[in-house]
Amino acid sequence: MAGIIKRLIAFFVVTLCVLPVWADVSDVRVWQSPDKVRLVLDLSGPHEHKIFQLTGPDRIVVDLKNADLKMSSLDKVADDSSEVIRVRSGRRNKTDLRLVVETRATMKYRSFPLPPSEGVSHHRLVVDLERPQSEASVSAPDVVKKAETYETDQRDIIIAIDAGHGGEDPGALGPGRVMEKHVVLAISKELQRLLNQETGFAPYMVRTGDYYIGLRERSEKARKANADFFVSIHADAFKHPSASGSSVFVLSDRGATSETARFLADKENSSDLIGGVSIGDREDHLAMTLLDLSMTHKRTASVSIGDEILQEMGKISKLHKKNVEEAAFVVLKSPDMPALLVETGFISNPGEARQLKTSAYQKKMARAIFNGIKDYFQNNPPAGTLMAARKKAAQQYIEYTVRSGDTLSELAVRSGMGMSELRKLNGLSSNSLRVGQKLRIPNS
């Protein structure tokens with residue numbers, strides 16, 4: 001009897017192993033970004049697929065073995081895409097599902113599965129199509145404000161603003177399905193607006209819409225834009241809804257050390273200019289030392305900027321921690337620019353979620369981050385910038401209030417300047433002065 005049971009068990013095990021595993025494709029979506037087009041297939045379970053490319057016309061073919069399409073139509077999938085003409089489906093070998101993605105040009109492609117994650121209970125298949133022009137380097141943003149008078153030819157300070165998550169990655173979900181990706185993009189766009197209005201600053205948006213960018217790709221975009229500072233904006237979540245407060249994170253010492261080794265091992269990155277010094281042609285031990293010095297300096301600057309931002313955020317919100325915290329966030333791992341990750345609050349906290357989803361609070365939070373950035377760079381402007389020129393000029397000159405009996409000729413003599421120089425410095429059209437008038441004179 002025992003032998004019969006064993007044979008039956010073996011029979012059922014073999015039978016189950018050879019039974020086909022079916023999967024349903026319940027939805028197909030297209031996400032657009034400046035660099036690529038992403039197709040996402042929602043699957044009822046993990047599934048094997050094959051992908052290949054055909055030309056004449058250009059198309060990407062995805063075959064899913066033992067699969068069914070549960071969508072009523074694919075007609076509208078490509079409506080918002082500039083590169084995908086349409087997506088169509090067909091049967092192959094009676095059991096397999098074939099999806100054909102027709103494109104306007106030959107595009108590089110890659111595919112990978114995504115298992116269930118926080119907020120997403122089903123499996124997904126991702127197909128990324130690279131835009132032909134995406135190989136072009138990212139250019140630095142245009143100069144927002146032109147320098148004036150003695151400040152001519154000084155560049156703006158470039159602030160890279162990274163709105164976390166995006167596209168198929170919603171980030172944390174708050175009560176009422178408030179999505180982190182939407183909240184942080186709104187705060188980022190308001191920060192961009194404030195920096196655009198401020199003379200001497202130029203914002204660079206890493207993510208401009210609802211699409212996903214890889215973590216290392218985010219800091220790489222900022223580096224290609226020659227950013228002076230990188231700020232990644234997020235809204236935290238925790239398993240207990242009672243967690244609350246804003247936070248600022250800097251790359252930890254351990255994370256910095258591991259990233260130094262990674263940059264050193266990457267020959268392409270090692271040929272970059274780190275703090276103005278090329279490390280590509282150096283011995284490994286010297287290159288490592290140069291990278292360590294660069295990252296230590298940038299990390300110190302990051303903490304100082306973080307302190308300024310925390311001080312401003314503390315005026316409008318509760319702080320989760322009063323000091324800048326440390327973590328090995330991948331997005332912060334760049335050796336040649338200060339970088340911070342700002343958690344604007346806990347979106348998992350009902351009270352903070354209600355605040356974070358309002359335009360008024362988003363503007364307050366953006367203003368706090370802006371004030372912190374502005375305060376730091378006014379006191380610590382990078383060399384060659386408009387802010388550096390202004391600081392130097394402020395140290396060279398003082399403001400003098402004209403008193404009764406003062407004449408331009410006497411002030412010129414006392415300040416060691418010619419009358420024409422003093423007029424030019426203060427934009428005066430004549431030698432006349434009035435009591436109470438403010439003049440800039442040399443600080444001597």
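# Exercises on strands, helices and a salt bridge

In the structure shown above, which is a predicted model, V30 has L39 in strand β2 as its bridge partner.

**Exercise 1.** Determine how β1 is paired with β2 and with β5, and in which sense each pair runs.

*Solution.* Begin with β2, which covers residues 36-43 and is joined to β1 by seven bridges, the two strands running antiparallel. One of the residue pairs to look for here is V30 with L39 of β2. Next, look at the connection, where three residues lie between β1 and β2, and the two strands form a hairpin. Then turn to β5 (residues 67-69), which pairs with β1 (residues 23-32) in the parallel sense over three bridges. In this second pairing, A23 has A67 of β5 as its bridge partner.

**Exercise 2.** Find the order of the strands in the open sheet of four strands, and explain why β3 and β6 each have one side without a neighbour in the sheet.

*Solution.* The first step is to read the order across the sheet, which is β3-β4-β7-β6, with antiparallel pairing. The second step is to count partners at the edges: β3 (49-54) and β6 (84-92) each have a single partner strand, and therefore one side of each is left without a neighbour in the sheet. As a third step, consider the twist, since neighbouring strands here are turned by 20 degrees against each other on average, when direction is ignored. Finally, follow one pairing in detail: β3 and β4 (residues 59-64) are antiparallel over six bridges, and K50 stands opposite D63 in β4.

**Exercise 3.** Locate P57 and N93, and state what is noted about the backbone at each place.

*Solution.* P57 lies in the loop between β3 and β4, and the peptide bond that joins G56 to P57 is cis, with omega at about 0 degrees. N93 belongs to the loop between β6 and β7 (96-103), and although N93 is not a glycine, its phi is positive, at about 55 degrees.

**Exercise 4.** Describe the open sheet of six strands by its order, its edges and its twist.

*Solution.* The order is β13-β10-β14-β19-β15-β18, and the pairing is mixed. At the edges stand β13 (201-205) and β18 (325-327), each of which pairs on one side only. From one strand to the next, the twist averages 30 degrees. As an example of one pairing, β10 (residues 157-163) and β14 (residues 229-236) are parallel over five bridges, with F229 in β14 as the bridge partner of I159.

**Exercise 5.** Work out how helices α2 and α8 are arranged, and which residues make their contact.

*Solution.* Two packed helices are described by the angle between their axes and by the distance between those axes. For α2 (residues 180-197) and α8 (residues 359-379), the angle is about 50 degrees and the axes are 8 Å apart. The two helices are therefore oblique to each other, and their crossing is right-handed. On the α2 side the contact is made by V183, A186, I187, E190, L191, L194 and L195, and on the α8 side by Q362, K363, M365, A366, R367, I369 and F370. Sorted by class, this contact of α2 with α8 has ten nonpolar, one polar and three charged residues.

**Exercise 6.** Show how D128 and R110 satisfy the salt-bridge cut-off, and say where each of them lies.

*Solution.* Side chains of opposite charge can pair when their charged atoms come close. The cut-off needed here is a nitrogen-to-oxygen distance within 4 Å, and the closest N and O atoms of D128 and R110 are 3.7 Å apart, forming a salt bridge. D128 lies in β9 (residues 123-130) and R110 in β8 (residues 108-114), so that the pair, 18 residues apart, links distant parts of the chain. By the rule just used, the count comes to 25 salt bridges.

Key: Residues numbered from 1 in each chain as written. Predicted model: local features only at pLDDT ≥ 70, side-chain atom pairs only at ≥ 80, totals over all residues. Heavy atoms only, no water. Pairing = 2+ DSSP bridges. Axes fitted to C-alpha atoms, helices over the stretch in contact; angles between N-to-C directions. Parallel < 35°, antiparallel > 145°, perpendicular 65-115°, else oblique. Left-handed = near helix turned anticlockwise from the far one by under 90°. Contact = heavy atoms within 4.5 Å. Nonpolar A, V, L, I, M, F, W, Y, C, P; charged D, E, K, R; others polar. Salt bridge = Lys/Arg side-chain N within 4 Å of Asp/Glu carboxyl O.
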